Amino acid sequence: MSSRPGLPGSSAEDRPFTRAMRADGRPATLDDYVAAGGYEGLRRAVAELKPPEVTSLVTESGLRGRGGAGYSTGRKWSTMPLGPDAPRPKYIVCNADEMEPGSFKDRFLMERNPHLLLEGMLLAGFATEADEGYVFLRAQYDASYAALQGAIGEARERGYLGEDILGSGFSFDIELHTSIGRYICGEASAMLNALESQRPNPRARPPHMTGAGLFSRPTVVNNVESYMAVPAIVRHGVDWWKGLSITDEGGTKIFGVAGRVANPGCFELPMGVPMRELIEVHAGGMLPGYALRAVSPGGASTSLVGAHEIDVPLGFATMGEVHSRLGTGTLVILDDQTCPVGMTLNMMQFFAQESCGWCTPCREGLQWMAALLEDIEYGRGRPGDLEVLAEGTWFMESDKCFCDLAPGATQPLESALRLFPEEFARHIADGGCPYRRHSSDAPAAEAPAAEAPVLEGTT
Amino acid sequence: MSFSDEEIRQLDAIIGHYPDRRAAAATAMRVVQARRRWLSDDALADLGEYLGVTVAELDGIATFGNMVFRKPVGRHIVLVCDSFACWSLGYAELRAAVEAELGVGMGQTTEDGRFTLLPIVCLGACDRGPAMMVDDHLHGPVAPDQVAEILGGYS
């Protein structure tokens with residue numbers, strides 16, 4: 001993977017997420033990080049700022065959650081109770097359970113720049129007067145675990161983490177927690193249950209997590225990239241951060257491109273970079289012989305964007321104009337030789353499998369949608385199926401479900417039905433998938449399962 | 001109680017990372033599994049006793065998570081990413097090559113106990129698809145004709 005300069009003539013300072021990364025791909029050490037201005041944000045905060053002033057900077061910067069939901073980070077922090085009467089301990093939790101299909105930026109960030117996450121969590125801890133941080137890592141991120149474990153050791157040794165940090169009187173420590181698996185653990189309140197070793201169903205809200213979160217104590221939960229944005233905001237200020245972006249949303253962001261492009265990978269670019277520039281310039285454009293047909297812009301729960309819409313600037317507000325969301329900002333390209341029905345089926349099978357089973361529309365509805373799509377893909381589709389699918393997207397809207405899993409699942413489905421009506425109709429009329437390349441999926445997916453049930457707890 | 005001194009030492013160390021013993025249960029299962037590869041009923045019962053948690057509660061967590069194994073598995077775990085990015089980049093061909101090389105299907109263990117093959121959702125390596133993991137090593141992109149060499153590296 002590689003990072004690219006944001007704009008012609010931009011300096012390393014204008015790339016706060018990747019600036020400290022090493023060319024050899026190994027995790028940036030504490031020395032690498034400090035040489036690139038690391039921990040200057042923390043030094044400034046403990047020396048010059050009061051906790052609420054740090055939160056104000058983050059609020060004024062316009063920083064919004066980079067894990068997909070896009071909620072104001074500073075506003076979230078501002079609801080944490082402060083002062084001597086606040087319940088203790090208070091917690092800072094990092095959502096590093098990157099698991100939504102099509103999301104691949106947090107791995108890159110943690111493996112290459114682990115101290116940036118520690119500094120971001122430290123600043124969150126300082127701003128909310130918290131005591132303890134947990135990084136909730138997905139099970140397969142062994143390299144991220146190793147990078148963070150190394151960074152935590154270095155930071156403790158050099159006084160950036162632990163008791164009386166940099167002689168300021170502020171104390172804060174960070175523990176790593178590895179998940180035992182499951183997409184739903186990435187839902188913030190389910191994550192807190194998982195951290196407590198409870199069954200990880202999402203929790204009812206209210207109470208909000210900043211009131212009663214982990215172990216019923218005030219808790220902030222943010223994504224990896226959200227925390228990582230904070231050190232540069234505190235160090236360089238709000239005006240600088242706002243000046244980095246093309247749109248008025250501020251900052252740079254880690255974008256990604258996957259699919260049949262010349263140069264897939266992660267790229268630090270200004271917020272608001274046009275999707276077309278990301279694909280055609282930074283990712284090198286489509287491979288010869290392939291054309292772009294649609295884009296999943298930020299994880300499987302974001303609506304597909306059609307080829308005619310890719311001039312859209314990648315930002316929170318602008319993505320709404322093409323009926324989608326920024327999500328995680330990591331694009332997966334649907335090319336012209338891949339079946340949109342098959343891809344939608346794959347996504348729906350994921351969501352159906354990962355439903356925690358707690359609420360009915362999600363538990364039952366997603367299975368139905370996946371089964372209908374499977375029928376259509378494998379030649380058993382019937383007239384009327386598309387109407388049932390369209391009804392299903394209404395049936396699983398957010399006001400009918402306990403959490404955002406099923407509503408998220410409806411977004412690729414709704415958009416695929418809207419963008420590719422003729423493909424769905426053709427599958428039904430012609431009795432199956434016309435894209436021969438993926439026809440080998442069908443027997444392979446069914447035969448072994450019939451002989452030997454999959455291990456308990458593995459699907 | 002069947003835990004070795006080393007297991008007790010490791011369990012006590014991780015319990016210290018959580019405010020109470022119960023909250024350490026998920027990590028404790030990982031610790032025991034890391035040494036024994038899977039969690040038998042006896043291991044779960046011992047863990048329940050050590051942490052003060054019922055076996056039913058532990059099994060509720062264990063069977064919810066896809067990375068806790070309640071049946072024996074091979075020495076190496078092979079995970080083939082089946083999410084839509086890898087799917088569009090050749091998952092079917094990669095999976096077929098892995099199944100042919102190992103002679104088993106998803107959810108099965110090779111007769112020599114060397115490998116267990118499991119499905120996995122997105123490995124967060126979409127830009128390296130089609131991707132697979134063997135134990136804690138990520139491989140990608142993997143062409144079908146590279147599978148034999150990759151798996152040959154694990155004894």
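Helices and strands are DSSP runs, with at least four residues required for a helix and at least two for a strand, numbered from the N terminus. On that basis, chain B holds seven helices and four strands. The structure is a predicted model. Chain A has a mean pLDDT of 92, and its domain assignment comprises three domains, 17-243, 252-335 and 340-432. Across all chains, the structure contains 34 salt bridges.

**Confidence in chain A**

- In chain A, 93% of the residues reach a pLDDT of 70 or more.
- Residues 1-6 of chain A stay under 50 in pLDDT, and the model gives this segment 25 contacts beyond four places in sequence.
- Residues 439-459 of chain A also remain under 50, with 37 contacts beyond four places in sequence in the model.

**Domains**

- Domain 1 of chain A covers residues 17-243, domain 2 covers 252-335 and domain 3 covers 340-432.
- The centres of domain 2 and domain 3 of chain A, taken over C-alpha atoms, lie 23 Å apart. The contact between them draws 15 residues from domain 2 of chain A and 14 residues from domain 3 of chain A.
- Chain B is assigned two domains, domain 1 at 5-64 and domain 2 at 76-152.
- For domain 1 and domain 2 of chain B, the separation of the centres over C-alpha atoms is 29 Å.

**Architecture of chain B**

- The order of elements along the sequence of chain B is α-α-α-α-β-α-α-β-β-β-α.
- The C-alpha trace of chain B extends about 50 × 30 × 25 Å along its principal axes.
- Chain B has 155 residues, of which 61% count as buried.
- Considering contacts in chain B between residues at least 6 apart in sequence, 61% connect residues at least 24 apart.
- The exposed area of chain B is about 5900 Å², and 49% of this area is supplied by carbon and sulfur atoms.

**Nonpolar cores**

- The largest nonpolar core has 130 residues, and the members touching the most others are A:L117, A:V135, A:L366 and B:V78. Helix α6 of chain A, residues 114-127, gives the most to this core, contributing nine residues.
- Beyond its neighbours within four places in sequence, A:L366 contacts A:M348, A:F351, A:A352, A:S355, A:P361, A:M396, A:L405, A:A406 and A:A409.
- A second core, separate from the largest one, has 39 residues, including B:L11, B:V32, B:L39 and B:L51.
- In soluble globular proteins, nonpolar side chains tend to be buried together.

**Salt bridges in chain A**

- A:R66 and A:E225 form a salt bridge in which the closest N and O atoms are 3.0 Å apart. This pair connects distant parts of the chain, 159 residues apart: A:R66 belongs to the loop between α3 (51-61) and α4 (73-78) of chain A, and A:E225 to helix α9 (residues 224-236) of chain A. Both A:R66 and A:E225 are buried.
- A:R156 and A:D173 are joined by a salt bridge with an N to O distance of 3.1 Å. Because A:R156 is in helix α7 (residues 142-157) and A:D173 is in strand β3 (residues 173-178) of chain A, the pair ties together parts 17 residues apart in sequence. A:R156 has 37% relative accessibility and therefore counts as partly exposed, the range for that class lying between 20% and 50%.
- A:E225 also forms a salt bridge with A:K253, at 2.8 Å from N to O. Here helix α9 of chain A, holding A:E225, is linked to strand β5 (residues 252-258) of chain A, holding A:K253, and the two residues are 28 residues apart. A:E225 counts as buried because its relative accessibility is 0%, and A:K253 is likewise buried, with a relative accessible area of 0%.
- Through shared partners, salt bridges join A:R66, A:K105, A:D106, A:E225 and A:K253 into one network.

**Surroundings of B:V121**

- B:V121 is located in the loop between β2 (115-120) and β3 (132-134) of chain B.
- The relative accessible area of B:V121 is 3%, so this residue is buried.
- Although B:V121 and B:D82 are 39 residues apart in sequence, their C-alpha atoms are 5.7 Å apart in space.
- With neighbours within four places in sequence set aside, B:V121 contacts A:M99, A:R138, A:F350, A:Q353 and A:E354 in chain A, together with B:C81, B:D82 and B:S83 in chain B.

Key. Residues numbered from 1 in each chain as written. Chains lettered and ligands numbered in written order. Predicted model: local features only at pLDDT ≥ 70, side-chain atom pairs only at ≥ 80, totals over all residues. Heavy atoms only, no water. Domains from an automatic or database assignment. Core = buried A, V, L, I, M, F, W, Y, C linked by side-chain atoms within 4.5 Å. Buried < 20%, exposed > 50% of the residue type's maximum accessible area, 1.4 Å probe, protein only. Contact = heavy atoms within 4.5 Å. pLDDT = per-residue confidence, 0-100. Areas by Shrake-Rupley, 256 points an atom, 1.4 Å probe, with all protein chains shown as cover. Salt bridge = Lys/Arg side-chain N within 4 Å of Asp/Glu carboxyl O.
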